[in-house]
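User: Got a minute to walk me through this one? I'd like to talk about the ligand and then some helix packing.
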Amino acid sequence: MRTGTNERPGHPIALVIGGGGMGMSTARRLGQSHRVVLASQSAAANVAREASLREDGIDAVAVECDITDRASVAELQAFVAARGPLRTLAHVAALSPSVGTWRELLEVNLVGAALMEEACLELAGQGTAAVFVSSTAGHLADAPAADVVAVLDDPLAPDLAGRLEAVWDEHTSISAYRLSKYALMRMCRMRAGAWGAKGARIVSMSPGPIATPMGARELEGPSRDIKLGLMAQLPLAREGTMVESADAIEFLSSDRASYITGTDLLVDGGMVAATRPR
Ligand SMILES: NC(=O)c1ccc[n+]([C@@H]2O[C@H](COP(=O)([O-])OP(=O)(O)OC[C@H]3O[C@@H](n4cnc5c(N)ncnc54)[C@H](OP(=O)(O)O)[C@@H]3O)[C@@H](O)[C@H]2O)c1
């Protein structure tokens, strides 16, 4: 018997993309039942992230990956494949409106997510589940016109931002955030067939305001008034916690959700219900 070790060779692999607030809480939650590969852009921050997860007794390794870079995603794909079959993908990484431009947000939030979807579908097998973190921002605006949707539905064709600029006038980071999160939900719906053909599932999860460092930053940025206005109408009258969003991701990825695919789960304290009643 080996004692005093974090290694859990019997656990399946979870790949968590993004080492921010929600990514780390998701890694902690999935780490109860998985070996975790945490992939995030900042190599320096990853050292402390890996140490923190391992201090919690989790079998975790943190690796550098830029999800907008095909070569970097391919390297991550090979790293995960060498460790064993992929059971769970939690794609959490994104840029919020206050930390990037229109172009940067489209690249990270949509092109990066699509590259990861493509890479992980190759690793998927019977029982694999992928959860992509979207946002209520993708639910709150009216659906864009058909020509805009056609561009959003094809994120891996060259120059997504340029193609969108030809059909969409508002080139702000807030607009890129909304469009990218809307498109991410559509991607999960449209890709359900391809994942299902492998016995695998793909879903999105749309948080409302969650108390993370990113959430706090947005209350100081250009989305402040929009966000405060929406929060004033929240039926549950509070922000969500990182544990609540991690629990939802864990549920969606688990076998308890084995008939759920190609759809989105709102974890938003009722924000969409209150502000867009149908
Ligand atoms: N917090 C909220 O209120 C809220 C509400 C709705 C939706 N969401 C969504 O929830 C998710 C997580 O939010 P959060 O609050 O945890 O955000 P966060 O703390 O800002 O974390 C985002 C992470 O994405 C990573 N990232 C950015 N660009 C990347 C790239 N090119 N390649 C790889 N990783 C990259 C960053 O990595 P490094 O740190 O390594 O650079 C960062 O740690 C996001 O999808 C966000 O849109 C959040």
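Analyst: Sure. A residue is near a molecule if one of its heavy atoms lies within 4 Å of it. Keep in mind that this is a predicted model.

User: Okay, with that cut-off, how many residues surround the ligand, and which are the closest?
Analyst: 30 residues surround the ligand. The closest are Ser40, Ser42, Arg49, Tyr177 and Thr212.

User: What does Ser42 do there, backbone or side chain?
Analyst: Backbone: one of its N or O atoms there lies 2.8 Å from an oxygen atom of the ligand.

User: And which side chain has an N or O atom 3.0 Å from a nitrogen atom of the ligand?
Analyst: That's Asp66. The side chain of Arg217 also has an N or O atom 3.4 Å from an oxygen atom of the ligand.

User: Switching to helices. How do α3 and α4 pack?
Analyst: α3 (residues 70–83) and α4 (residues 102–123) pack at about 25 degrees, with axes 10 Å apart. Angles under 35 degrees count as roughly parallel, so α3 is roughly parallel to α4. The crossing is right-handed.

User: What classes of residue make that contact?
Analyst: Eight nonpolar, one polar and three charged residues. Among them are Val73, Leu76 and Val80 of α3 and Leu115, Met116 and Ala119 of α4.

User: And α1 with α12, what's the angle?
Analyst: About 55 degrees, with the axes 8 Å apart, which makes α1 oblique to α12. α1 passes α12 in a right-handed crossing.

User: Which residues meet there?
Analyst: They include Met22, Arg29 and Leu30 in α1 and Met242, Ile249 and Glu250 in α12. That contact divides into five nonpolar, five polar and three charged residues.

Definitions and conventions
Residues numbered from 1 in each chain as written. Predicted model: local features only at pLDDT ≥ 70, side-chain atom pairs only at ≥ 80, totals over all residues. Heavy atoms only, no water. Axes fitted to C-alpha atoms, helices over the stretch in contact; angles between N-to-C directions. Helix = DSSP H or I, 4+ residues; strand = E, 2+ residues; numbered from the N terminus. Parallel < 35°, antiparallel > 145°, perpendicular 65-115°, else oblique. Left-handed = near helix turned anticlockwise from the far one by under 90°. Contact = heavy atoms within 4.5 Å. Nonpolar A, V, L, I, M, F, W, Y, C, P; charged D, E, K, R; others polar. Polar contact = N/O pair within 3.5 Å; in protein donor to acceptor, adjacent residues only side chain to side chain.
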